[in-house]
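Colleague: I'm new to this and would love a close look at just one part of this model. Could you walk me through the charged pairs, slowly and in one go?

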Amino acid sequence: MFQLFNQIRGIFSEMPLSRKIAMGAVLFIVLSIFGGIIIWSNMVEFRPLYTGLSQEDAAQVVNRLKDLKIPYKLENGGSGVSVPMEKVYELRLSMASEGLPKGGGVGFEIFNKTEFGTTEFVQKLNFQRALQGELARTIREIEEVRDARVLIVMPKESVFVEEAKPPSASVLLKLRRTLPPSRVNAIVHLVASAVEDLSPDRVTVVDSKGKILSSGSPEDPDNQVMNSQLSYKLAYEKSIAQRIESMLERIVGQGKSIVRVTADMDFSRVDVSEELFDPDSQVVRSRQDVSEKSDKQNMPGQKISSVNPLPAETPGNKSETRERNEGTVNYEISRTTRRTTRPLGEVKRLSVAAVLDGTYTTVKAKDGTVSRKYNPRTPEEMKLFTTIVRQAMGYSADREDQVSVESIPFTPDERWGDEQAPVKGVDRLIEDYGRAGLNLLVVLLIFIFVVRPLIKALKETKERESELLLDGEEDGVTVEIGADALAGVAGVRDGTAQERAMRLVREDVDKAANIIKGWLGEG
């Protein structure tokens with residue numbers, strides 16, 4: 001090994017200065033690249049385990065990682081914890097089984113340990129703390145919310161109804177981005193539903209910047225109506241636009257159609273009551289017929305009595321007949337009662353504007369440059385597209401609906417195509433085994449361009465030394481000269497081996513002394 005080192009040092013010392021510098025630079029670059037690749041391939045890649053943690057949760061997670069002796073990194077001011085990529089999902093499952101992270105605050109786990117002698121006041125206070133903590137954890141699950149705190153005020157119970165006060169609550173939110181009004185209303189109703197006798201108008205929501213998101217007082221009914229009407233109008237327009245655009249994109253291609261819809265809507269509520277009479281149509285309601293007939297005859301004179309003191313005249317026997325007929329008919333005139341309620345949000349008129357991109361052809365100029373030429377849609381195509389749009393929107397001539405379909409070249413959007421498809425096939429293999437393959441390639445290149453030439457140079461040097469030894473044996477003199485003394489002087493072969501050795505010693509005494517020291521060391 002020592003002899004090999006001396007041979008390499010001798011070869012390097014005999015090289016010109018320019019070659020020494022070039023070889024050193026190449027060797028340094030190759031070794032630097034090789035070392036960098038080895039460090040990069042063996043470097044541990046960290047991935048986020050949890051983000052947006054509170055200080056309490058971050059401390060608990062870090063302590064657990066220390067117990068498991070797993071390396072970690074704190075990010076985002078301590079609110080994020082990263083661990084090696086291959087342990088992310090395993091640690092998440094392990095932490096979840098242990099109830100970490102807890103989401104900050106105290107939840108219903110406060111009742112896991114029961115203590116004897118706890119007063120009713122402490123129990124109520126613990127229940128209130130647990131309820132506040134559970135509500136805060138639930139609110140943190142909303143995508144826009146980074147952190148939340150909930151405070152509930154439970155008034156003291158009173159036996160007098162007049163002195164009873166309803167509970168109230170306040171919520172402080174730390175947001176990642178703007179929270180839409182619908183999410184604010186969801187938080188308000190979530191808190192109100194979790195607390196007994198708490199109404200939504202007594203819940204106040206404030207963000208970390210001091211902005212009141214919900215004042216805890218009932219909103220103006222007029223504003224509520226206007227907001228609901230606007231939401232209904234926008235949803236209706238969006239539904240019509242998506243219906244038309246999705247159909248056009250299947251024909252002209254993805255991203256080559258734009259549709260906008262404007263709806264004029266009447267939100268006035270109208271109740272119409274009508275009572276219609278038809279004089280030509282009569283119906284017998286009731287009918288009454290009376291028929292009366294009587295016969296009377298005069299009898300002979302009656303005797304005088306106390307009832308009839310005066311005797312009646314008796315001119316003779318007489319008869320009398322009487323007959324009476326009456327009829328009553330009641331008629332009912334035909335009547336129609338109608339009550340009509342017009343729907344809320346009646347569409348008065350629809351206006352649809354659709355813009356379609358044309359087709360493109362590749363044009364090659366005489367100088368070899370390639371460009372794209374825009375070709376607008378033909379009138380027949382535009383007429384067909386207009387008919388399709390009318391059918392999709394529910395066109396009505398009575399409402400005086402308006403439809404406009406135009407063909408205009410679109411400006412290329414560079415953001416299209418930024419989204420990358422999932423890695424599959426060869427790309428997946430490169431992503432998984434690229435580092436190992438790159439390491440093998442670097443080792444192979446170093447062997448071909450560094451190790452192999454060095455071994456070849458050593459072999460040539462040994463061959464030269466053997467040739468010199470054979471020449472010395474032919475002259476009857478055995479002279480052992482190291483390869484270091486022969487490097488760079490291959491052309492000096494005049495005279496016997498002894499003469500050549502003496503000549504080399506005279507030319508470089510220091511080198512000859514080093515060779516002799518090497519021989520002595522080998523002995």
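Modeller: Sure, and let's start with a word we'll need: a residue is called buried when its relative accessible area is under 20%, exposed when it is over 50%, and partly exposed in between. Take Asp266 as a try-out: its relative accessibility is 22%, so Asp266 counts as partly exposed. Keep in mind that this is a predicted model.

Now, who does Asp266 pair with? Its partner in a salt bridge is Lys348, with 3.8 Å from N to O. The rule for a salt bridge asks for a side-chain nitrogen of Lys or Arg within 4 Å of a carboxyl oxygen of Asp or Glu, so 3.8 Å makes the cut. Along the chain these two are 82 residues apart, with Lys348 in strand E11 and Asp266 in strand E8. Lys348 is partly exposed too, at 39% relative accessibility.

Stay with those strands for a moment. Asp264 forms a salt bridge with Arg349, and here the closest N and O atoms are 3.4 Å apart. This pair also links distant parts of the chain: Asp264 belongs to E8 (residues 257–266) and Arg349 to E11 (residues 346–356), 85 residues apart. Asp264 has a relative accessible area of 31%, so that makes it partly exposed. Arg349, at 29%, is partly exposed as well.

Next comes a pair elsewhere in the chain. Glu144 and Arg183 form a salt bridge whose closest N and O atoms are 2.7 Å apart. Glu144 sits in the loop between helix H5 (120–140) and strand E4 (145–153), while Arg183 is in helix H6 (residues 181–194), 39 residues apart. Buried or partly exposed, what is Glu144? Glu144 is buried, because its relative accessible area is just 7%. Arg183, in contrast, is partly exposed at 32%.

Since that loop follows H5, let's peek at the helix. H5 has 21 residues and spans 30 Å from its first C-alpha to its last, close to the 30 Å expected at 1.5 Å a residue. Its buried residues include Asn126, Leu131, Leu135 and Ile139, along with Arg137 and Arg140. What do the buried residues of H5 pack against? They pack against E4, strand E5 (168–175) and H6. So H6, where Arg183 sits, is one of the elements that the buried residues of H5 pack against.

As for the whole tally, the salt-bridge rule gives a count of eight; the pairs above are among them.

Notes
Residues are numbered from 1 along each chain as its sequence is written. This is a predicted model: local features need pLDDT of at least 70, side-chain atom pairs count only at pLDDT 80 or more; totals for chains, interfaces and linings use all residues. Side-chain values use heavy atoms; hydrogens and water are left out. Helices (H or I, at least four residues) and strands (E, at least two) are DSSP runs, numbered from the N terminus. Buried means under 20% relative accessible area, exposed over 50%, partly exposed in between (1.4 Å probe, protein chains only). The expected span of a helix is 1.5 Å times one less than its number of residues. Contact means heavy atoms within 4.5 Å.
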